[in-house]
Amino acid sequence: QVQLVESGGGLVQAGGSLRLSCAASGRTFTRYVMGWFRQAPGKEREFVAGISWNGINIKYADSAKDRFTISRDNAKNTVYLQMNSLKPEDTAVYYCAATVSPSYSYVAATTGEYRDWGQGTQVTVPS
């Protein structure tokens with residue numbers, strides 16, 4: 001099991017940017033596929049982006065394409081989510097997730113595929 005701690009959330013005006021970070025414990029971070037999800041009030045948790053353990057394969061939700069960038073630094077046991085051109089509809093609690101990867105190229109995109117979750121960080125974009 002890996003422990004995850006998110007940071008970097010906050011309040012930002014529409015059109016602004018934020019970079020979320022997720023620090024993972026454990027010495028086997030490189031074997032984990034990592035993902036970002038978000039949950040707005042009254043809505044289900046939804047996939048935002050995922051990255052394979054080698055950092056080469058990436059998936060984005062349609063809502064994140066062309067605005068968000070997921071990356072990872074295995075030496076720092078950290079995964080990032082750079083969010084640009086933020087919109088009010090991006091307002092949500094953002095969660096980092098991890099699961100042991102069956103292969104170097106695997107990317108998970110559903111909540112059921114991830115085993116470990118962080119506590120979340122709030123992102124608010126006022127309308």
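Here are some exercises with worked solutions on a predicted model.

**Exercise 1. The disulfide**

Find which residues the disulfide joins, and say where they sit and how the link is twisted.

*Solution.*
- Step 1: Start with the sulfur atoms. Two cysteine sulfurs count as a disulfide when they lie within 2.5 Å. Cys 22 and Cys 96 are joined with an S to S distance of 2.1 Å, and the count for this rule comes to one disulfide.
- Step 2: Place the two ends. Cys 22 belongs to strand 3 (residues 18-24) and Cys 96 to strand 9 (residues 92-100), so the link ties together distant parts of the chain, 74 residues apart.
- Step 3: Look at the twist. The angle about the S-S bond is -80 degrees, and the link of Cys 22 and Cys 96 is left-handed.
- Step 4: Check the surroundings. Buried means under 20% relative accessible area. Cys 22 has 0% relative accessibility, so Cys 22 counts as buried. Cys 96 is likewise buried, with a relative accessible area of 0%.

**Exercise 2. Strand 8 and its partners**

Work out which strands pair with strand 8, and in what sense.

*Solution.*
- Step 1: Take strand 3. Strand 3 and strand 8 run antiparallel and are joined by six bridges. To see one residue pair, go to Leu 20, whose bridge partner in strand 8 is Leu 81.
- Step 2: Take strand 7 (residues 68-73). Strand 7 also pairs with strand 8 in the antiparallel sense, over six bridges. Here, Thr 78 of strand 8 stands opposite Asp 73.
- Step 3: Follow the chain from strand 7 into strand 8. The two strands form a hairpin with four residues between them. In that turn, Asn 77 has a positive phi of about 50 degrees.
- Step 4: Ask how enclosed strand 8 is. Five of the six residues of strand 8 (residues 78-83) are buried, so the strand is largely enclosed by the rest of the structure.

**Exercise 3. Two serines**

Decide whether Ser 21 and Ser 101 are buried or exposed, and list what each one touches beyond its sequence neighbours.

*Solution.*
- Step 1: Locate Ser 21. Ser 21 lies in strand 3. With a relative accessible area of 15%, Ser 21 is buried.
- Step 2: Collect the contacts of Ser 21. Neighbours within four places in sequence are left aside, and Ser 21 is then in contact with Val 5, Glu 6, Ser 7, Trp 36, Thr 78, Val 79 and Tyr 80.
- Step 3: Locate Ser 101. Ser 101 is in the loop between strand 9 and strand 10 (116-117). Ser 101 counts as buried at 13% relative accessibility.
- Step 4: Collect the contacts of Ser 101. Not counting residues up to four places away in sequence, Ser 101 touches Arg 31, Tyr 32, Val 33, Trp 53 and Tyr 106.
- Step 5: Add the polar contact. The Ser 101 side chain reaches the backbone oxygen of Ser 103 at 2.3 Å.

**Exercise 4. The aromatic rings**

Describe the ring pairs that involve Phe 37 and Phe 47, and Phe 37 and Tyr 114, then find which rings Arg 45 sits over.

*Solution.*
- Step 1: Count the pairs. The whole structure holds four aromatic pairs.
- Step 2: Classify Phe 37 and Phe 47. Their ring centres are 5.6 Å apart with planes at 75 degrees, so the pair is edge-to-face. Phe 37 is in strand 4 and Phe 47 in strand 5, ten residues apart, and the pair links distant parts of the chain. Phe 37 is buried at 0% relative accessibility, and Phe 47 is buried at 13%.
- Step 3: Classify Phe 37 and Tyr 114. This aromatic pair is edge-to-face too, at 5.3 Å centre to centre and 80 degrees between the planes. Tyr 114 lies in the loop between strand 9 and strand 10, 77 residues apart from Phe 37 in strand 4. With a relative accessible area of 5%, Tyr 114 is buried.
- Step 4: Join the pairs up. Phe 37, Phe 47, Tyr 114 and Trp 117 are linked by ring pairs into a cluster.
- Step 5: Bring in the charge. Arg 45 lies over the face of Trp 117, at 4.9 Å from the ring centre. The charged end of Arg 45 also sits over the ring of Tyr 95, 3.7 Å from its centre.

How values were computed
Residues are numbered from 1 along each chain as its sequence is written. This is a predicted model: local features need pLDDT of at least 70, side-chain atom pairs count only at pLDDT 80 or more; totals for chains, interfaces and linings use all residues. Side-chain values use heavy atoms; hydrogens and water are left out. Buried means under 20% relative accessible area, exposed over 50%, partly exposed in between (1.4 Å probe, protein chains only). Two strands pair if DSSP finds at least two bridges between them. A polar contact is a pair of N or O atoms within 3.5 Å; within protein, one must be able to donate a hydrogen and the other to accept it, and residues adjacent in sequence count only if both atoms are side-chain atoms. Contact means heavy atoms within 4.5 Å. Rings of Phe, Tyr and Trp (its six-membered ring) pair if their centres lie within 6.5 Å; planes under 30 degrees apart count as stacked, over 60 as edge-to-face and the rest as tilted. A charge sits over a ring if NZ of Lys or CZ of Arg is within 6 Å of the ring centre and within 35 degrees of the ring normal.
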